[in-house]
Amino acid sequence: MTARDFIRAQTTVAAAPLVPEIALHLATEITPIWQATEAFLAAHGVEPPFWAFAWPGGQALARALLDAPETVRGLRVLDFAAGCGIAAIAAAMAGAARVEAAEIDPIAAEAVRLNAALNGVAVESLAQDVVGQPARWDVILAGDVCYEAPMTAHILPWLRAMAAAGVRVLLADPGRAYLPREGLAPLSRHAVPTSLELEDRTLREVTIARLLP
Ligand SMILES: C[S@@+](CC[C@H](N)C(=O)[O-])C[C@H]1O[C@@H](n2cnc3c(N)ncnc32)[C@H](O)[C@@H]1O
């Protein structure tokens with residue numbers, strides 16, 4: 001089975017609660033996809049299926065961009081750690097000049113391709129770790145990326161270096177454990193409905209902040 005077939009078989013086309021404008025391949029229940037992915041993981045060595053859910057951070061970013069398209073209009077945008085690609089798709093819909101989405105999980109990168117096609121927008125989906133690459137973007141979107149200590153330690157110095165190079169780095173976080181306490185300039189807050197299967201509550205308050213160098 002290809003990654004594309006796997007995504008189609010394990011998801012249905014639906015929209016995240018905060019962003020009805022964007023259709024996505026999403027898991028409706030968590031257990032079956034997690035079990036299926038464990039089997040697929042054993043066969044192909046892949047990651048847990050983060051791409052099958054629109055996380056609170058990505059939903060908030062997508063909502064903010066669709067409501068204020070001038071944030072990215074005409075600009076070069078990277079959706080870093082894109083998951084299903086909801087923020088990348090919103091950036092393309094908002095009129096960004098070029099949208100890239102980066103994912104270390106190749107199945108997520110394929111999900112981004114499928115989801116971008118579903119919405120008729122152009123997103124260049126990169127299955128690679130772009131951490132360490134020089135800046136080629138005006139805006140970097142990072143939704144829900146501070147949930148693990150090693151990951152945060154890996155990505156944050158690079159994201160701050162991007163900010164120092166003049167990139168507008170927008171971090172959207174629902175209160176994850178490893179969010180830095182300093183060097184963030186809050187811009188907006190969004191109440192995002194969530195599932196009790198994924199989170200410990202039915203609503204998460206996401207803050208979108210500009211990451212400072
Ligand atoms: C909680 S999900 C968030 C996805 C999406 N931004 C959203 O808000 O819906 C985190 C994602 O980060 C990806 N990831 C982790 N480390 C990464 C890295 N160094 N580069 C790109 N993606 C990464 C994981 O594969 C996972 O899909």
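Good morning. The chain I am presenting contains 6 helices and 9 strands, where helices (H or I, at least four residues) and strands (E, at least two) are DSSP runs numbered from the N terminus. Its radius of gyration, taken over C-alpha atoms, is 16 Å, close to the 17 Å that the globule rule gives for 213 residues, so the chain is as compact as a globular protein of that length. That rule is 2.2 Å times the number of residues to the power 0.38.

A word on the basis of these values. This is a predicted model, in which local features need pLDDT of at least 70 and side-chain atom pairs count only at pLDDT 80 or more, while totals for chains, interfaces and linings use all residues. Residues are numbered from 1 along each chain as its sequence is written, and side-chain values use heavy atoms, with hydrogens and water left out.

Of the 213 residues, 52% count as buried, that is, under 20% relative accessible area with a 1.4 Å probe, protein chains only. Among contacts (heavy atoms within 4.5 Å) between residues at least 6 apart in sequence, 66% join residues at least 24 apart.

I turn to the interior. The largest nonpolar core, a set of buried Ala, Val, Leu, Ile, Met, Phe, Trp, Tyr and Cys residues joined through side-chain atoms within 4.5 Å, has 38 residues. Ile22, Leu24 and Ile86 are among those that touch the most other members. Elements giving two or more residues to this core include β2 (19-26) and α4 (86-93), and α4 gives the most, with 7 residues. Apart from this core lies another, of 22 residues, including Ala102 and Val169.

Technical notes. Buried < 20%, exposed > 50% of the residue type's maximum accessible area, 1.4 Å probe, protein only.
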